[in-house]
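Reader: Please pick one strand and take me through it closely. I want its faces, its partners and its turn, then whatever helps me place it in the whole.

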There are 2 protein chains.
Amino acid sequence: MRIIKISHDECRELLNRVPVGRLACSLENQPYVIPICFAYEPGYLYVFSTLGQKIKWMRQNPKVCLLVDEIANRCNWTSVIIIGRYCELDEPQYTAEKKHARDRLEQYSDWWYTPVTERLEHTLSIEPVFFRIDITSMSGLRGIPDPEAG
Amino acid sequence: MRIIKISHDECRELLNRVPVGRLACSLENQPYVIPICFAYEPGYLYVFSTLGQKIKWMRQNPKVCLLVDEIANRCNWTSVIIIGRYCELDEPQYTAEKKHARDRLEQYSDWWYTPVTERLEHTLSIEPVFFRIDITSMSGLRGIPDPEAG
C-alpha cells in the first residue's frame, strides 16, 4: 500500500459525500470521541446534537478534532482530519445562522433529526443543541494498493 | 429509534468482532483523532502503529479515548466508548508483553502489519511502535428501530 496526501478539493469531496464523522473533544486533557452527523460547507461544519457530556466539555474547551473516513479495506481508504473550534448556535445572535445550519443539515442528511426522536431509556429530557465547527485546518490521506505488490 | 445501554458482554462482543476504532488523544487540550486497528482482551487493547503525532502526544499525555462503532443505518447502530491510558511496549521490561501484543494482533486482524508495509510519500523513515491501552472504563449504547414507529 502507498499512502498519499490528498488535495483540499478531494477532502471537500469526502466531506460532502460522507455525513458521519467522529468528533473528539477534551477536558483537562482527557479526550472523548463520539460519532456525529454533520453538514459541510467551506470553512464550517454544522452539527445537531443532544445535550450531553460532549456539549458540556466543548462549552468549556472549544478545541475539537473531527475525523471523517471511508475504509473499503486495509489497502483502500481515505481519511480527512479537521482541527477546529466549537461555536454554539443557540444564542440569539445566531438565529439566522441556526436556520442556515438546519437547512444545510436537512439538505445533506436525514441523520440530523435523529436526536430529536431518540429516547435514551431512564433519561427524562432531551435538549437539542445546534453547533458549528469553525475549521482551522484540514488535511487528508489516502491509502491505495501498491501496483508493485503482488 | 430507541437508544439503550448495552452490557459489558455486548461491548466485548463488538470489540472482538470489529478490529478498527477511532482513537482520540489530547495535548494542551487540543484533541486529535485517528483510525487505528486493535486487538482486544479483557482490560487491554493492543495496537500497532507508526511513530507520528499521536505517539508523540500520548507519550506526553497518556489519557486516551477509543470509539468502536458499527453503523448499519441511523436507526440501527452500536457504539462502545473506552477511556484508558497509553502504555508503550517498546521498553525492555515489556518484551514478553510486546510478543503477546503481536500474537494477539496477528490473531485478530490482518490490519496490524499495514503500517510496516506502508510508505508515506516524502517521508524517509517509518518507526513502528507497539502500545497497549489499559482500559479504565467501558460503556456502550445501541440504537434500535422503535417498534411503535411506522
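Author: The strand comes first, then its turn, then the charged pairs, then the chain as a whole.

Two ground rules first. This is a predicted model, in which local features need pLDDT of at least 70 and side-chain atom pairs count only at pLDDT 80 or more, while totals for chains, interfaces and linings use all residues. Residues are numbered from 1 along each chain as its sequence is written, chains are lettered from A and ligands numbered from 1 in the order in which they are written, and side-chain values use heavy atoms, with hydrogens and water left out.

The strand is E2 of chain B, residues 20-27. Strands here are DSSP runs of E with at least two residues, helices are runs of H or I with at least four, and both are numbered from the N terminus. In E2(B), 8 of the 8 residues are buried, so the strand is largely enclosed by the rest of the structure. Buried means under 20% relative accessible area, exposed means over 50%, and partly exposed lies in between (1.4 Å probe, protein chains only).

Take the two faces. In a regular strand, side chains alternate between the two faces of the sheet. On one side of E2(B) stand B:Val20, B:Arg22, B:Ala24 and B:Ser26. B:Gly21, B:Leu23, B:Cys25 and B:Leu27 point the other way. Both sets are buried.

Now the partners. Two strands count as paired if DSSP finds at least two bridges between them. E2(B) runs antiparallel to strand E3 of chain B, residues 30-41, and 8 bridges link the two. One of the residues involved is B:Gly21, whose bridge partner in E3(B) is B:Ile36. E2(B) also pairs with strand E5 of chain B, residues 63-73, again in the antiparallel sense, over 3 bridges. There, B:Arg22 faces B:Leu67 of E5(B).

Next, the turn. E2(B) and E3(B) make a hairpin with 2 residues between the strands. B:Glu28 sits in this loop. Its phi is positive, about 50°, although B:Glu28 is not a glycine. B:Glu28 is exposed, at 65% relative accessible area. Chain A offers a counterpart. A:Glu28 lies in the loop between strand E2 (20-27) and strand E3 (30-41) of chain A. A:Glu28 is not a glycine either, and has a positive phi of about 50°. A:Glu28 is exposed, with a relative accessible area of 64%.

Go back to B:Arg22 for the charges. Side chains of opposite charge can pair when their charged atoms come close. B:Arg22 joins A:Arg22, A:Asp69 and B:Asp69 in a network of salt bridges. A salt bridge here is a side-chain nitrogen of Lys or Arg within 4 Å of a carboxyl oxygen of Asp or Glu. Over all chains, the structure holds 20 of them.

Other pairs lie outside E2(B). In chain B, B:Glu88 bridges to B:Arg59, with the closest N and O atoms 2.8 Å apart. B:Glu88 belongs to strand E6 (residues 76-88) of chain B and B:Arg59 to helix H2 (residues 53-60) of chain B, so the pair ties together parts 29 residues apart in sequence. B:Glu88 is buried, at 17% relative accessible area, whereas B:Arg59 is partly exposed, at 43%.

In chain A, A:Glu88 and A:Arg59 form a salt bridge, 2.8 Å from N to O. A:Glu88 lies in strand E6 (residues 76-88) of chain A and A:Arg59 in helix H2 (residues 53-60) of chain A, so this pair links parts that are 29 residues apart in sequence. A:Glu88 counts as buried, at 17% relative accessibility. A:Arg59 is partly exposed, at 43%.

A pair within one helix follows. A:Glu13 and A:Arg17 meet in a salt bridge of 2.6 Å, N to O. They are 4 residues apart in helix H1 (residues 8-17) of chain A, which means about one helical turn separates them. A:Glu13 is partly exposed, at 38% relative accessible area. A:Arg17 is partly exposed too, at 42%.

Last, chain A as a whole. Chain A has 4 helices and 7 strands. Along the sequence they follow the pattern β-α-β-β-β-α-β-β-α-α-β. Of its 150 residues, 52% count as buried. Among contacts in chain A with a separation of 6 or more, 72% join residues 24 or more positions apart, a contact being heavy atoms within 4.5 Å. The accessible surface of chain A is about 7,300 Å², and 50% of that belongs to carbon and sulfur atoms. Such areas come from the Shrake-Rupley method with a 1.4 Å probe; for residues, only the protein chains shown count as cover.
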